[in-house]
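Visitor: Please take a close look at one helix-to-helix contact in this model. Which residues make it, and how does the contact sit among the other parts?

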Amino acid sequence: MWWKNATVYQIYPASFKDSNSDGIGDIPGILAQLDYIESLGVDAIWLCPMYDSPQYDMGYDISNYEAVYPPYGTVADVEALIAGCHARGMKVLLDLVINHTSHEHAWFKESRSSRDSPKRDWYIWRPAKYDADGTRRPPNNWRGCFGGSVWEWDEETQEYYLHLFAPQQPDLNWENPETRAAIFESAIEFWLRKGIDGFRIDTVNMYSKPMDFPDAPVIDPNQEWQSASHLFCNGPRIHEYMREMGQILLKHNAMTVGELPHTPEVEDVLKYVSAKEEQLNMVFQFEIVELGTGKDLRYDTVPRNWTLPQLRARAQTTQRLMDGTTDGWSTSFLENHDQARSVSRWGSEATPELWARSAKMLAMFVASLSGTLYLYQGQEIGMVNAPASWPISEYKDVESNNYYNFVRQSTHDDPVALAKAKAALQHLARDHARLPMQWDGTAHAGFTTPEATPWMRVNDNHGSLNVKRQNLDGHSVLAFWRQMLRVRRTYPELFAGGVFQDTDPQGESLFVFEKLGAEGGKKLVVALNFTSETQPVDLAGRLGSEYKVLIQNGQETSLDELQAYEGRPLIMHRTSQACDPCKRRKVRCNGQPRCQQCTHAGIPCTYAASPAQRSRKKTVGRGKVIAECKGLLHTASPTCRGNAVLAPRTSVERTLSSTSHPNLAFFLELLPEYERYVYPMSPVVTASEIHAMILKMDSERETASFVYAFAAVTLNLTCSEPMQRVPATRERIASLLTRALEYRSPFGLESPPASIVTVMQSVFMQMCFVSLRKLDTGFLYLREAISLLYMLHVHEEESMAGLEVTERARRQRAYWECFIHERFTALTYCRPPCLPPLRCLPDHDVSIPAEVERGFNHTIENFRLVDPQFIDFWLGDRSAVTADWVAEKQRQLEDNEWHAEVSRLPLMQQADLIITRHWLRTLTWQLALSNIPLSSTTAPSMLLSLSFPLRLSNQLRQFLVTIPRDLVGIHGSGLLEKLFEIANTITDVVLHLTHAPGDETVQRIHDILFLKHFVFSFAGFANLRPVVLTQKFEMIRDKYPEIKEIELLV
């Protein structure tokens, strides 16, 4: 059941993205933004109705279920969208609207053609009632969902037809089995056969009505038409119909979520979503989003007409289905196409700071509630309602116009009543969710072209509130949502699941609630301040000493107060301890009296304190970066200044003083080594281009800045010793970086770079700073490179299509280069990545050597295997790692065809690719060792076999003896670090073996002995904490004393 821990992104086609300049969003526009949607970390998209329709109710009046509204595109476009989503690992849900059709549907046209029509009974027709004076009346007094009577007179056939919504939306007659069969075939199975994954089902509880249509009780004597939702919702045969439809959906394994209005009792909801009933997977409950609306008429209210205790009570109601006592499931949402923007309803727009903080607080709130999470377009950037200054003419929705006209007519244009109605609409109207998506700060917010006229006015604030701006800001609402979704995926048992408990139901300022995991081992505490003032709170008493702040929207760490609109989800662990052997192996003990890994391996289990949490990431300014570079110069040894030879492989003696400007010969002498060692790994800027830049560096500051960065990265990648061990190397690279920074213009968001060269300069500087152990600064420049890529629109296929093929290909390679660096950073330094993969490999480029292109593409393939789930396991809770996942990942990494292709590449590329792939295999097994009891034999049921990683050591040994040793010693390539991790994990595997040593075990230990000698022979190995491996070798010696050669390991 993939959908339980899923996040679904809802798209309103008309307002998402216009691809053809007609002012209306369309399917190709959505397809063009799939990479953006994937980057959010969502699992599925839900597409609001895209079917053919006269659009009286924005597509919820369908005239043909098997066709697409022409301004949106074609059926082929939808098929392309389905394929595009599936290629990215996302599911597709369509909106299923089958309570009614359009009055222009062929079925209704035939039904109303005559009383004798074969399809007359496909809709609900009734004769008129007449007063004593002969006045014609509808069959009953029901009020429709959009106001007015639910009955419309048909002059031609002299009968009324039922429409619970607009007159243009006649209700289908579900009592007729022939009608149901046609609905199932045309609206459901037609699209399931095209590969969609499920439906959001509109008004799912309205299909069955009491066929005698009794009058509704008169609640308001002043109104002609009375509320009748209790009569036309949850009718007498509804569950019969749902079970019938459920069998069809079950046949296709389709996921379903039903819109379930006017059903407040949990027992009634459970009848729809109980697993044993096989009707629906989940439903939307409207308790939270209906807070603050009018009791009888939705808009008969005033803005912000709610209290926090009311919100808490409604949240509690929605969570009851998932309290562990039922087999039902539900949803969590604050926005959709029928709701105003959540920040305008429950947050603050008083200042930009409060807007951002309240948007993030609401993200924490909705993402921390149990159930499948639904995120509406624009919610991820904190879009808000239309300004109060807009006139009522800007409101397009039929419901808004009907209500305003109703007030106008019933009050005879009373200005006070009309002002109240407009204020309510400005706060609650559906129109606010339908304003065009705000992509950038250009005309019409990038939703459509500047010369086009959007179908609905764009919010005035799009210049400061848009996707492009927030993509470049690591602290934006968009960045926060991405991080929040990663946290939610990491702890599914607490966020999507977990038993909800409100700690203070009457609290009027703070909403603090707790959620317990299914096994009771972890507890989530969520503290939210719903006010614009600092509020005292007692979190220390709830948390104890073992807790972790998962995410927050402020900088405060005090457990005694929350700032305005601040929120903090905190996770409480059981007393967390780790045994010494597991600490050395970086294996989790899960707080057990004796951890499963040590028990299985027969290792003594001695507990010690748990390791400290990682420090929080710091922000580094440009001025501080230059100061740090200059500081590195002062720390270098005086004896290392001047004419020192840099790397053993370099035939030319290089001279570079920290104070003099090097002559051009210095840079030109670096070009051959750049072409040999750097360009194959980063094939973007060619040596010939750099040669031309060197000749122009005296006259162009930006060119000079890049040349200095090129020199720094070339020295970095070709030195055989880590910079920490050779002060001369450290000094020289720091000097070059200082010059690069001094000549470079400050990074600005308003003017995009002229070429991809600027991106690569940031990448080069990132590589150098990481090697200098200035990790925060390095990560800063990696994020800068990513921001520059977004400014160049490399992620937008439409923008890239107009480029010449060579330029397009190298921009794509630069994008993938940043992607690779981010994934390596995530796995090595535990920094979460943000860059999603492109849909495909770089375009073929005849301007670069074929073996370089093939090698780089294989590198991309390596790191594409580090998918979001891999990252989530590595950075978060590994308790969800399963044997099946490990086995599947190992199968992908052991692709024989891939190895055969790589074996035809130059040795340097072979070394990088093969060692990297073996490294990824060992990281997979580190995840396995964290959670899965292992077996030394073939895998029985839930146990994993150790044979995969044991074969790896032998394969790696056979490969390493065939390549020149200096290819591994290239410090900047990271191969030495990868080999260390491989040896580290293989020793873990040997320590898990429980059978008596035999020839196979002896061979494995010989393989480890070779790796040990190979890795220890490099001078830079001292920086890789060899004591860890030494301790493990001692444990192997203690475990297998009869193996004579084992002493050589220590």
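**A helix pair and its surroundings**

Guide: The contact between α13 and α14 is made by S400, Y403, Y404, V407, R408 and T411 on the α13 side, and by A417, L418, A421, K422 and L425 on the α14 side. Sorted by class, the residues of this contact are seven nonpolar, two polar and two charged. The two charged residues are R408 in α13 and K422 in α14, and the two polar ones are S400 and T411, both in α13. The model is predicted, and what follows should be read with that in mind.

On the geometry: two packed helices are described by the angle between their axes and by the distance between those axes. For α13 (residues 398-411) and α14, the axes come within 9 Å and cross at roughly 165 degrees. Angles over 145 degrees count as roughly antiparallel, and α13 and α14 are therefore roughly antiparallel to each other. The crossing of α13 past α14 is right-handed.

The chain then leaves α14 (415-428) for a loop that leads to α15, and N459 is found in this loop. N459 is in a loop, but is N459 buried or exposed? Its relative accessible area is 2%, so N459 counts as buried; the cut-off for that is under 20%. Apart from residues up to four places away in sequence, N459 touches V384, N385, A386, P387, W390, L435 and Q438.

Next comes α16 (residues 477-490), for which α15 (467-471) is one of the covering elements. The 14 residues of α16 span 20 Å from first C-alpha to last, close to the 20 Å expected at 1.5 Å a residue. Twelve of these 14 residues are buried, so α16 is largely enclosed by the rest of the structure. The buried residues are V477, L478, A479, F480, W481, R482, M484, L485, V487, R488, R489 and T490. Besides α15, the cover over them includes β1 (7-11), α3 (34-40), α12 (352-368), β15 (372-376) and α30 (868-875).

R488 shows this cover at the level of one side chain and its neighbours. R488 lies in α16, and at a relative accessible area of 1% it counts as buried. Beyond residues up to four places away in sequence, R488 touches N5, T7, V366, A367, S368, L369, G371, T372, L373, F495 and A496. Several of these fall within the covering elements: T7 in β1, V366, A367 and S368 in α12, and T372 and L373 in β15. R488 and L373 are 115 residues apart along the chain, with 9.7 Å between their C-alpha atoms.

The covering helix α12 is itself enclosed. Of its 17 residues, 14 are buried, so α12 too is largely enclosed by the rest of the structure. Its end-to-end C-alpha span is 24 Å, close to the 24 Å expected at 1.5 Å a residue.

For comparison with the antiparallel pair, consider two contacts that share α28. The axes of α25 (residues 757-771) and α28 come within 10 Å and cross at roughly 20 degrees. That makes α25 roughly parallel to α28. The crossing is left-handed. Here V759, M760, V763, Q766, M767 and V770 of α25 meet A814, E817, C818, H821, T825 and Y829 of α28. The classes come to eight nonpolar, three polar and one charged, and the charged residue is E817.

The other contact joins α28 (residues 805-829) to α29 (residues 850-864), with axes that come within 10 Å and cross at roughly 40 degrees. That makes α28 oblique to α29. This crossing is left-handed as well. The α28 side consists of R813, W816, E817, F819, I820, R823 and F824, and the α29 side of F856, T859, I860, F863 and R864. By class there are seven nonpolar, one polar and four charged residues. E817 takes part in both contacts of α28.

A last single site is T179, in α6 (residues 177-192). T179 is buried at 0% relative accessibility, and it is in contact with D121, W122, L172 and N173 once neighbours within four places in sequence are set aside.

As for the whole, the protein has 38 helices and 26 strands, and 59% of its 1050 residues count as buried. Among contacts with a separation of 6 or more, 73% are between residues 24 or more positions apart.

Methods: Residues numbered from 1 in each chain as written. Predicted model: local features only at pLDDT ≥ 70, side-chain atom pairs only at ≥ 80, totals over all residues. Heavy atoms only, no water. Axes fitted to C-alpha atoms, helices over the stretch in contact; angles between N-to-C directions. Helix = DSSP H or I, 4+ residues; strand = E, 2+ residues; numbered from the N terminus. Parallel < 35°, antiparallel > 145°, perpendicular 65-115°, else oblique. Left-handed = near helix turned anticlockwise from the far one by under 90°. Contact = heavy atoms within 4.5 Å. Expected span 1.5 Å × (residues − 1). Buried < 20%, exposed > 50% of the residue type's maximum accessible area, 1.4 Å probe, protein only.
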